[in-house]
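Trainee: I would like to learn how to read pockets, cores and unusual backbone angles in a model of this kind. Could we go through them one at a time?

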Amino acid sequence: MVSKWESSEYNFTIENIAQIAEKSLYRDQRIGYIFKKAYCDLENGELNRSREGFMKVIGRKMTDYTAPSHYGLGYIEYQLKNFPEAMEWFGLAAQDMRFRDMSLYYILECRFMLKDYDYVIAEGDNHNSIVSLISILLYGLLVCRQRLNLLDILLRYVGQLLCALKGNDKRDACLRPGS
């Protein structure tokens, strides 16, 4: 079993993982096993079992699986519409650069779902990634539907998105006439 576990081609499905006894793995492989099992449970909609697995991972020493487990917990809470708790988990995941942009995106989405439109508008200017700019554009559209007087903000975000897609780092310069 251990040779299968170490193989990069091994298909980590819940059926395959269920065939592996955690105690048959080396100590340093167990945290990865717990994470992969929790992830499979998440993919299969087993949210409670998935949550238990991710909680086991974060209950141990910091590893490469800690941030993805924070993200997984945030995603579970988001699916359950527990937005304040989801934001806490996404906030922890955002400390790892691998999960920063997507975590910040979901934090912004949680704030929107909680009708905290002022935060969404204010924080939209602080995100520099393409993912964030696209999400801000989408939120701009949604917020404008809620507050019709925000068309100028939407136009600013569209301009920022176009600048980012053109590769211009100076987003404000793109909004000036002749740019």
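Mentor: Let us begin with what lining means: a pocket is an open set of grid points with protein on both sides within 12 Å along at least five of seven lines, and lining residues have an atom within 4 Å of a point. Please keep in mind throughout that this is a predicted model.

Trainee: Which residues line the largest pocket?

Mentor: Rolling a probe the size of a water molecule over the atoms shows where empty space is left. Here the largest pocket holds about 160 Å³ of space, and its lining is made of F35, Y39, L42, E43, F54, P68, Y71, G72, Y75, Q79 and F99. Two elements, α3 (27-43) and α5 (66-79), each give two or more residues to this lining, and α5 gives the most, with five residues. By class, the lining has eight nonpolar, two polar and one charged residues.

Trainee: Which members of the largest nonpolar core touch the most other members?

Mentor: A nonpolar core is a set of buried residues of certain nonpolar types, joined through side-chain atoms within 4.5 Å. In this model the largest one has 16 residues, of which Y33, L42, F54, V57 and I76 touch the most other members. At least two residues of this core come from each of α3, α4 (47-58) and α5, with α3 giving the most, seven residues. To follow F54 through its surroundings, set aside its neighbours within four places in sequence, and its contacts are then F35, A38, Y39, L42, S69, G72, L73 and I76. Another core, of 14 residues, lies apart from the largest one and includes Y71, A93, F99 and Y106.

Trainee: Is E77 buried or exposed?

Mentor: Buried means under 20% relative accessible area. E77, which is found in helix α5, counts as buried because its relative accessibility is 3%. Its side chain makes a polar contact with the side chain of N82, at 2.6 Å, and, not counting residues up to four places away in sequence, E77 touches R51, N82, E85, A86 and W89.

Trainee: Where is K81 found, and what is the place of K115?

Mentor: K81 is in the loop between α5 and α6 (83-93), while K115 is in the loop between α7 (100-113) and α8 (117-124). K81 is not a glycine, yet has a positive phi of about 65°, and K115, also not a glycine, has a positive phi of about 65°. For exposure the cut-off is over 50%, so K81 counts as exposed at 60% relative accessibility, and K115 counts as exposed at 59%.

Key. Residues are numbered from 1 along each chain as its sequence is written. This is a predicted model: local features need pLDDT of at least 70, side-chain atom pairs count only at pLDDT 80 or more; totals for chains, interfaces and linings use all residues. Side-chain values use heavy atoms; hydrogens and water are left out. On a 1 Å grid over the protein atoms alone, a cavity is a set of points where a 1.4 Å probe fits but cannot get out, and a pocket is an open set with protein on both sides within 12 Å along at least five of seven lines; lining residues have an atom within 4 Å of a point. Grid points are joined across faces, edges and corners, and a volume is the space filled by probe spheres set on the points. Helices (H or I, at least four residues) and strands (E, at least two) are DSSP runs, numbered from the N terminus. Ala, Val, Leu, Ile, Met, Phe, Trp, Tyr, Cys and Pro count as nonpolar, Asp, Glu, Lys and Arg as charged, and the others, Gly among them, as polar. Buried means under 20% relative accessible area, exposed over 50%, partly exposed in between (1.4 Å probe, protein chains only). Contact means heavy atoms within 4.5 Å. A polar contact is a pair of N or O atoms within 3.5 Å; within protein, one must be able to donate a hydrogen and the other to accept it, and residues adjacent in sequence count only if both atoms are side-chain atoms.
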